[in-house]
Amino acid sequence: MTLSNTVASSIIKNYRFSQNAFLPRIVEIPLMMEDGISYKSIVNVGDKVEEGQKIAVSSEYDGEKTFIRSSVPGTVVAIEPCFSPNGRQTFAVKIKTGGSFSYIGKIPKEKNTHYTNELLSKKLIEDGVINTFYSSKPQNFGIQLKKVKPKTNIIVRLFDEDPYRITDSLISRLYFEQVIKGAKILSDAIGFSGIVFCVDQKMEDKSYFSDKNPELDKNVAVLQMNLKNYPYGIPREIISAFKKSGLKKTCGFEISKNDLFVDSTTIYKVYKSACLSVPSINSLVHFSGDCLNLSCMLDVKNGALLKDIVSQLGYFVKTPEMVIINGRMCGVCVQTLEVPVTLYVKSVEFISKQKKLDEQIYTCVNCGNCRVACPVKLSPDILYNNISKFKHLPENFAKSSLACLECGLCNTVCPARLPLSQTISVLKKTIEN
């Protein structure tokens, strides 16, 4: 389906820097950072915490402990329910900022440290780095890395998979050298694997190769992709584009769905963790929408509430009717500004009543648009109608949902505005479990 990035490359080029968000008076850090993984608080109300201190732990990865760290120094004032940016309800550690900082105001020195896969995995787990390649399904990156086999290729996507979001594109532009170094560290740790940088063919040329850039080995391929037909940023489309490009002849390796897929957001955090010893307590977030005077890129503390960021955005010029997190195709809509920014939030768009999308759900009209739009030729309407009416689905037909890419195209073409993609996603999880 033709659905290209709504923000022209020329607009991306206008960005020269990101800014630090105002220091929040209070942060609410949800005890659920990755998809479906719950954490247990290891601090209590009244405890003093330091910036970067471990405040929650999970053992849901076959007993392997993973952590969430405090984004500010201060005092734990509550552990109470909150709504996460993904729409789920969980508990959050509420911290009132106060005290001295461990990272803010200090210029970290870059270290030239070589990591093995085991050491880097441990480092990323300790620092709470998550992989946001799938923004709707963030994964603990250290745990992913522990499972990677030697000589696995690394595919680094330097643009956003959602056409209504430009965060990864901006990070690739503003922090290109750091992204390259992060990819080199990752490649060396895995074992001199091949690296494929997936780039928007409309963006300016960069030097990725070792003969021009000593940060990289020669086993590097740059895959220029046409971001005209959505979906274009998922593994299936990247692999298809690689095969059609003929890069295998020049780089000497092939890529598959079993390779390691990451985005520029994740690689940038790998660089900060491995080279600067800075834990994952901040996120670069792009704020936009017709309710704001200007769009901007802010470095936001994990757990900062949207309502507290509004003042730095110059407040609203129009009253927001919708707040969309992580893009219209891949993200979710939240109904309150009490939602905290977390490590998997990439963008926030504030939409006024004039631009608000019709949210009314109607009865299926059997138009078949969803079947035509589906890139893997599913029948989203049949899956939805059977599930919503609690009808039994034949096992083989139900398992066809596992092929769903969760691109959301069926939703965009449905005149009845049925939650087709979301329903299929639930069905997939039911089958997988």
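**View 1. Burial and stacking of Phe242 and Phe253 in the predicted model.** Phe242 has 1% relative accessibility and therefore counts as buried. Phe253, at 12% relative accessibility, likewise counts as buried. How many aromatic pairs are there in this predicted model? The count comes to 8 aromatic pairs. In one of them, the rings of Tyr175 and Tyr268 are tilted, because their planes meet at 35°, with the centres 4.6 Å apart; that pair is the subject of View 2. Phe242 and Phe253 form a stacked aromatic pair, with 6.2 Å from centre to centre and 20° between the planes. This pair links distant parts of the chain, 11 residues apart: Phe242 belongs to helix α6 (residues 235-245), whereas Phe253 lies in the loop between α7 (247-251) and β14 (260-263).

**View 2. The tilted pair of Tyr175 and Tyr268.** Distant parts of the chain, 93 residues apart, are linked by this pair. Tyr175 is located in the loop between α4 (167-174) and α5 (176-190), and Tyr268 in helix α8 (residues 264-276). Are these two tyrosines, Tyr175 and Tyr268, buried or exposed? Both Tyr175 and Tyr268 are buried.

**View 3. An aromatic cluster and a charge over the ring of Phe133.** Phe133, Tyr134 and Phe261 are joined into a cluster by ring pairs. The ring of Phe133 also has the charged end of Arg157 over it, 4.1 Å from the ring centre.

**View 4. Lys54 over the ring of Phe67.** The charged end of Lys54 is positioned over the Phe67 ring, at 3.9 Å from its centre.

How values were computed: Residues numbered from 1 in each chain as written. Predicted model: local features only at pLDDT ≥ 70, side-chain atom pairs only at ≥ 80, totals over all residues. Heavy atoms only, no water. Phe/Tyr/Trp six-rings, centres within 6.5 Å; stacked < 30°, edge-to-face > 60°. Helix = DSSP H or I, 4+ residues; strand = E, 2+ residues; numbered from the N terminus. Buried < 20%, exposed > 50% of the residue type's maximum accessible area, 1.4 Å probe, protein only. Lys NZ or Arg CZ within 6 Å of the ring centre and 35° of its normal.
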